[in-house]
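Let's take a look at a protein model together. Keep the 3D view open so you can follow along.

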Amino acid sequence: MDHPTAAAARRTAHAAVLLPAVLALLAGCAAGLGGSMGTPGAAGVRDPYFPRLGNGGYDVTHYGLTLDVDATAERLSATAVITARATQDLSAFHLDLAGLEVRSVTVEGRPAAVSRAGSELTLRPDRAVADHLRTSGTFRTVVRYAGSPRTVTDADGSEEGWLRTADGAVALGEPAGSLTWFPGNHHPGDKAAYDIRVTVPEGRSAVSNGELVSRRTDGGHTTFHWRTREPMASYLATVAVGRYTVRRTVTQDGLPVITAVDPAVAGASAGVPARIAEVVAWGEERFGPYPFSSAGAVVGRRGDAGYALETQNRPFFPGPPDTGLLVHELAHQWFGDSVTPESWRDMWLNEGFATYAEWLWSEDHDGVPVAESFRKAYADEANWAFPASRPPGPADLSRPPVYGRGAMVVHRIRQEVDDDEAFFGIVRGWLSAHRHGNASTADFTAYVEEESGLDLTELWDTWLDGGSRPPVG
Ligand code: TRP
Ligand code: ZN
């Protein structure tokens, strides 16, 4: 009969095999005696632009958010149920949350000690739950909170977070606004599934990501339950509350298209569902399968926000979008939402490709060759303010080089590959390799070189990372 421990001991690497097991056993004993062997999870994941965004020591797998929104859309009373897997033995961990009042916190059903400093919520669970806070253990945190969620002003002066609108509110979160309406691990590197339940006064709608699971009216209030099955970065989560007209259509392939349109812009938005179907079909030809189980849009009024955002499944538009903007935000469903930046330094992978998608669309539909869009971008001084891969600071993340220069990098790759079938094959391969995941600039450059068989050092050094405008060859 084989004796596993004796067999292991015979192996030359037996110490390496046994040591972790012995340590785990000791840790188990210590925890059993009431001691906790864990260490606190980090307060941030060292993003180059937002070092305190996100938290270390765990991965969220699911957010269950229940939001009760009052008639003015000014106040929330809410519960967040956060299911996470520990990536280290944890004695304490952080959640990001800005503003709002924390009413109670439990971890694994037992009250946890809470302290707050800035946007960091530190949770110190009861010792009895230590077993679940070991590496790979899954644990559930419930945060009850309430208050008036704030609007945050970004480094570049734009507003995000909880934005009040004419008859409600919309929550937008790029790059760091989602922490104003729910506690969590608010870094793009930690994607999760979501169930978002929003209760609003009867007569209002609440629209969010994913698909509508149920809608119930009771005692003058309606609860909308939205479910996002595919992983989502928290900056892409949204809730829009207001008197929207919500329509559900399907594309020719049967993909649900859910649009919510503010009646004030109904006329100019009438064609949006059909155009979404058209753009998604075109995107599938260029980029491969649409990554989510539904599409759509939220169309608010001009002034509801200062920009459009690629919120997952359902981009938000402050007013009826023109086709270029619609193409841009829908392209983000592949570039950004499905394949999400590892850190905010990789944002050019979102914006460069979404901009390039606009160029491709114009070539296919408006007779504007991509070469001409490239020439225009090249001639525009604004695109050369800094390297696409190195915005100087958080105020620069949405500036022209991230968009226009990013798109030029994509086009330069296409020129080097010099074969459209091969080039689009690489793009589709990239999207499929990282579907529903995260990827960095280094992942991208390595992938393109590997798949093309080309050494593109020169291209990266000049077009992507270089300080000045390279000559066109
Ligand atoms: N990422 C958005 C897009 O390209 C735009 C955006 C979001 C933005 N937040 C911003 C632009 C802040 C300027 C400032 O569709
Ligand atoms: Zn964009």
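What follows is a short tour of some rings, a charge and a few strands in this predicted model.

## A tryptophan with two ring partners

The model holds 28 aromatic pairs. In one of them, Trp282 meets Phe287 edge-to-face, with the ring centres 5.9 Å apart and 80° between the planes. Trp282 is buried, because its relative accessibility is 8% and anything under 20% gets that label. Phe287 also counts as buried, at 4%.

Trp282 has another partner too: Trp361. Here the centres lie 5.1 Å apart and the planes sit at 80°, so this pair is edge-to-face as well. Trp282 belongs to helix H4 (residues 272-287) and Trp361 to helix H6 (residues 347-366), so the pair ties together parts that are 79 residues apart in sequence. Is Trp361 buried or exposed? Trp361 is buried, with a relative accessibility of 7%.

## A charge over a ring

Now find Tyr378. Arg469 lies over the face of this ring, 5.5 Å from its centre.

## A strand covered on both faces

Next up is strand E17 (residues 239-242), which is covered on both faces. Val239 and Val241 are buried on one side, while Ala240 and Gly242 are buried on the other.

Which strands pair with E17? One is E12 (residues 168-172), which runs antiparallel to E17 and is joined to it by two bridges. In this pairing, Val170 has Ala240 as its bridge partner. Another is E14 (residues 205-208), also antiparallel to E17, with four bridges between them. There, Ser205 stands opposite Gly242.

Technical notes
Residues numbered from 1 in each chain as written. Chains lettered and ligands numbered in written order. Predicted model: local features only at pLDDT ≥ 70, side-chain atom pairs only at ≥ 80, totals over all residues. Heavy atoms only, no water. Phe/Tyr/Trp six-rings, centres within 6.5 Å; stacked < 30°, edge-to-face > 60°. Buried < 20%, exposed > 50% of the residue type's maximum accessible area, 1.4 Å probe, protein only. Lys NZ or Arg CZ within 6 Å of the ring centre and 35° of its normal. Pairing = 2+ DSSP bridges.
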